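Me: I'm new to reading protein models, and I'd like a close look at a single part of this one. Could you walk me through one helix and its surroundings?

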Amino acid sequence: MHAEDYSATLRSSSLRVTKQRVAVLAAVDTHPHADTETVIRSVRESLPDVSHQAVYDSLHTLTEVGLVRSIQPSGSVARYERRIGDNHHHLVCRSCGLIVDVDCTVGHAPCLSPSHDHGFAVDQAEVTFWGLCPDCRSGGSGPSDQGEGSPEPLSPDV
Ligand SMILES: [Zn+2]
Ligand SMILES: [Zn+2]
C-alpha cells in the first residue's frame, strides 16, 4: 500500500490525514501483531522526530475507529494489527510469545456459540489458542526441558 491509500483509508473513517497516522498505519501493516515499541521504531524510520505520545495517540485513534485492531493475550503487552473485522483468531506461543493468525474456526462469524447466550446477539468470537510454536517445540532451549541427565532408572531387582 502506498501513502495515498492510507490517506484515503483515513478519510473514509472521517479522520484527518496526518503524517503520524499514515506512518502508524503503514507500520502496523508491515508488522502484524506489533507491540507499541515496534510500531514506534518502525514509524521513526520515516519520521525520526515523532514522539512516543504521538504514536500512542495515533494507535488509540486508529483502534477506536476500527482501522487497527488491538489484541492483548494475557501476560502480553497490547499488540496491533490491520486484519480487522474478519473474526480471525490467534495462536500464541507460551514460550517465545509468537502470535500467528488463524482463520475463523468454522468459516463464518461468529464461529463459536456460547453454551448460553444470556440474551446477547453474538456477532463475534475472539479465541486465543495457547501452545508452543514449532521453533520452541524443537529448540530445546526452553528453561524447563534441560533434561540432560536422564532421570534415575528404577532398579528392577531389589
Ligand atoms: Zn515459541
Ligand atoms: Zn491477527
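Reply: Here is a tour of helix α3 and the helices it meets, in what is a predicted model.

Let's begin with the neighbour that comes before α3. Helix α2 covers residues 19–30, and its 12 residues reach 16 Å from the first C-alpha to the last, close to the 16 Å expected at 1.5 Å a residue. Its buried residues are R21, V22, A23, V24, L25, A27 and V28.

Now for α3 itself, residues 36–46, whose axis comes within 9 Å of the axis of α2, with a crossing of roughly 125 degrees. Because of that angle, α2 counts as oblique to α3. The crossing of the two is right-handed. On the α2 side, A23, V24, A27 and V28 make the contact, and they meet V39, S42, V43 and S46 of α3. Sorted by class, this contact has six nonpolar and two polar residues, with no charged ones.

On to the other neighbour, helix α4, which spans residues 52–64: the axes of α3 and α4 come within 10 Å and cross at roughly 110 degrees. That angle is why α3 is called roughly perpendicular to α4. Here, too, α3 passes α4 in a right-handed crossing. From α3, the residues in contact are T36, E37, V39, I40, V43 and R44, while α4 brings H52, V55, Y56 and L59. This contact has six nonpolar, two polar and two charged residues.

One detail to look for in your viewer: V39 and V43 of α3 take part in the contact with α2, and V39 and V43 also take part in the contact with α4.

How values were computed
Residues are numbered from 1 along each chain as its sequence is written. Chains are lettered from A and ligands numbered from 1 in the order in which they are written. This is a predicted model: local features need pLDDT of at least 70, side-chain atom pairs count only at pLDDT 80 or more; totals for chains, interfaces and linings use all residues. Side-chain values use heavy atoms; hydrogens and water are left out. Helices (H or I, at least four residues) and strands (E, at least two) are DSSP runs, numbered from the N terminus. The expected span of a helix is 1.5 Å times one less than its number of residues. Buried means under 20% relative accessible area, exposed over 50%, partly exposed in between (1.4 Å probe, protein chains only). Axes are lines fitted to C-alpha atoms, for helices over the stretch in contact, and angles run from 0 to 180 degrees between N-to-C directions. Angles under 35 degrees count as roughly parallel, over 145 as roughly antiparallel, 65 to 115 as roughly perpendicular and the rest as oblique. A crossing is left-handed if the near helix is turned anticlockwise from the far one by less than a right angle, and right-handed if clockwise. Contact means heavy atoms within 4.5 Å. Ala, Val, Leu, Ile, Met, Phe, Trp, Tyr, Cys and Pro count as nonpolar, Asp, Glu, Lys and Arg as charged, and the others, Gly among them, as polar.
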